[in-house]
Every structure is written in C-alpha cells, then in structure tokens.
Amino acid sequence: MAYSDFKLIEIIDSFGLVIHESSGLFATVEDQECSDLLSTILKENVDLAIAISTEKARSEMIISPILLEIRRKFNYEISLFSGLDFTVDSQRGLNGFCDFILSLSSEQLLVRSPVVVLVESKNENLRSGLAQCIAEMVAAQLFNERGGNQIKAVYGAVTIGTLWQFLKLEGNIVSIDLSEYYIKDIKKILGILYSAIAHNKV
C-alpha cells in the first residue's frame, strides 16, 4: 500500500484518527497580499492550464507558482519539494511520492521538518484526494516525532489548481474544512498556507 492507495475509512481506522468536519475552519485567517509577479503569472496561466486540462499543466502553471510565492514570503527560509519519494513507514503504508511538501527548514537537499503536504487531486475531484492527503499528513507527523521536531500541527491541502480544500492534523484529530476556495480567492489561499507555516514557526 502507498499513500494514494488508502481509502478514507482505512486511514482513519489504521491510525485511530478522529475526523472533525466544519465549514469555515480557516475563515478567520488573515489574507495575504498577492505579489505583482504571482498576479501576472496567474493571469497568464490559469485559463491556459484549464484549456490544456492536464494535471501536469495545473501543477506547473498554477500550483507551483503559488507555493513559490509562499517561499518568497518567508524570505526563502522554508523549503519546497515536488514529486518527492517520502517513505516514512512502508510496513504501515506510509510510503510513496508526495506531490508537494513545504518544510520549515531552509535545507533544500533533504526534508527536515515537513509542515504542509499538498495533494493534486485526480479527475478534478477534491474528495478523491482526501484520504491520500491525510495519509501524507500522518506520515509527516510521524516523521517529525521521530526527528524530535517541535511541530504543533501538520497541515494539508487538496487542490486541482483552481479549487482548494484545507485540512489540519493535531494529535489524532483531523480537522477538515468543508469550505472550498477558488483561485479568485488567492489572497485567502495564500493566507491559509502562510498561517500554516507561521503557526509552527512561533
């Protein structure tokens, strides 16, 4: 089994998780300004990525630029990984490739302290990516515990580029925000990603 093989009930039962669903979980998070650079990139790329209609196009043209914007906001003191083999415990199915990971460490050659995992959902269906995202969050939590990292919570995002949904793992509680954020809400999307990093940097 790998991250992408988990069904929602399997990941809940296997790791003794408790799911809390709520709308507007991140509603009070402060928006983050979108730089002129990102605004220009999204203006040029979003419609093109939608027209091409492949996961690769959405990943390269929409998702990556947003995550790079977050890295710039933290003055390159966090690291960004894409398509990385993140095997933590293969016997328990916590193995496979992660679409994207944001880590608190500035090191770019090795993942040191993963704090946000992001799953690019298949077939433009956010719900289909939830189990994989939770599995990767559990893996990141276990990785941090083993490494002695003082991470308060691991955050997750499931996205198709133009639509985003966010999660939070603290202890064995998985909080899922039932609200979905569209690319036009880019300031809120940036705000949630920024706050996930900032919450753990304090």
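## Strand 5 and its neighbours

Visitor: Which residues of strand 5 are buried on one side, and which on the other?

Guide: In this predicted model, both faces of strand 5 are covered, with Val-154, Gly-156 and Val-158 buried on one side and Tyr-155, Ala-157 and Thr-159 buried on the other. Put as a count for the strand, which spans residues 154-159, 6 of its 6 residues are buried.

Visitor: And how does strand 4 pair with strand 5, parallel or antiparallel?

Guide: Strand 4, residues 114-120, pairs with strand 5 in the parallel sense, over 5 bridges, and Val-116 is the residue that stands opposite Tyr-155 of strand 5. Between these two strands the chain passes through helix 4, residues 130-147, in a β-α-β crossover that is right-handed.

Visitor: What about strand 6, how many bridges join it to strand 5?

Guide: Strand 5 and strand 6, the latter covering residues 163-170, run antiparallel and are joined by 6 bridges. Val-158 stands opposite Gln-165 of strand 6, while the bridge partner of Tyr-155 in strand 6 is Lys-168.

Visitor: Which residue takes a positive phi in that hairpin?

Guide: That is Gly-161, with a positive phi near 95 degrees, in a hairpin that has 3 residues between strand 5 and strand 6.

Visitor: Where does strand 6 go for its other pairings, then?

Guide: Strand 6 is joined by 4 bridges to strand 7, residues 173-177, with the two running antiparallel, and Leu-169 stands opposite Val-174 of strand 7. Strand 6 also runs antiparallel to strand 8, residues 181-182, to which 2 bridges join it, and there Trp-164 stands opposite Tyr-181.

Visitor: How many residues sit between strand 6 and strand 7?

Guide: Their hairpin has 2 residues between the strands, and Gly-171 in the turn has a positive phi of about 65 degrees.

Visitor: Why call strand 6 largely enclosed?

Guide: Because 6 of the 8 residues of strand 6 are buried, the strand is largely enclosed by the rest of the structure.

Visitor: Changing topic, how many disulfides does the structure hold?

Guide: The structure holds 0 disulfides. Cys-98, for one, is in no disulfide, and the nearest cysteine sulfur, which belongs to Cys-133, is 9.3 Å away, whereas a disulfide would need the two sulfur atoms within 2.5 Å.

Visitor: Is Cys-98 buried or exposed? And what of Cys-34?

Guide: Cys-98 is buried, with a relative accessible area of 1%, and Cys-34 is buried too, with a relative accessible area of 14%; the cut-off for buried is under 20%.

Terms used: Residues numbered from 1 in each chain as written. Predicted model: local features only at pLDDT ≥ 70, side-chain atom pairs only at ≥ 80, totals over all residues. Heavy atoms only, no water. Buried < 20%, exposed > 50% of the residue type's maximum accessible area, 1.4 Å probe, protein only. Pairing = 2+ DSSP bridges. Right-handed = clockwise from strand over helix to strand, strands pointing away.
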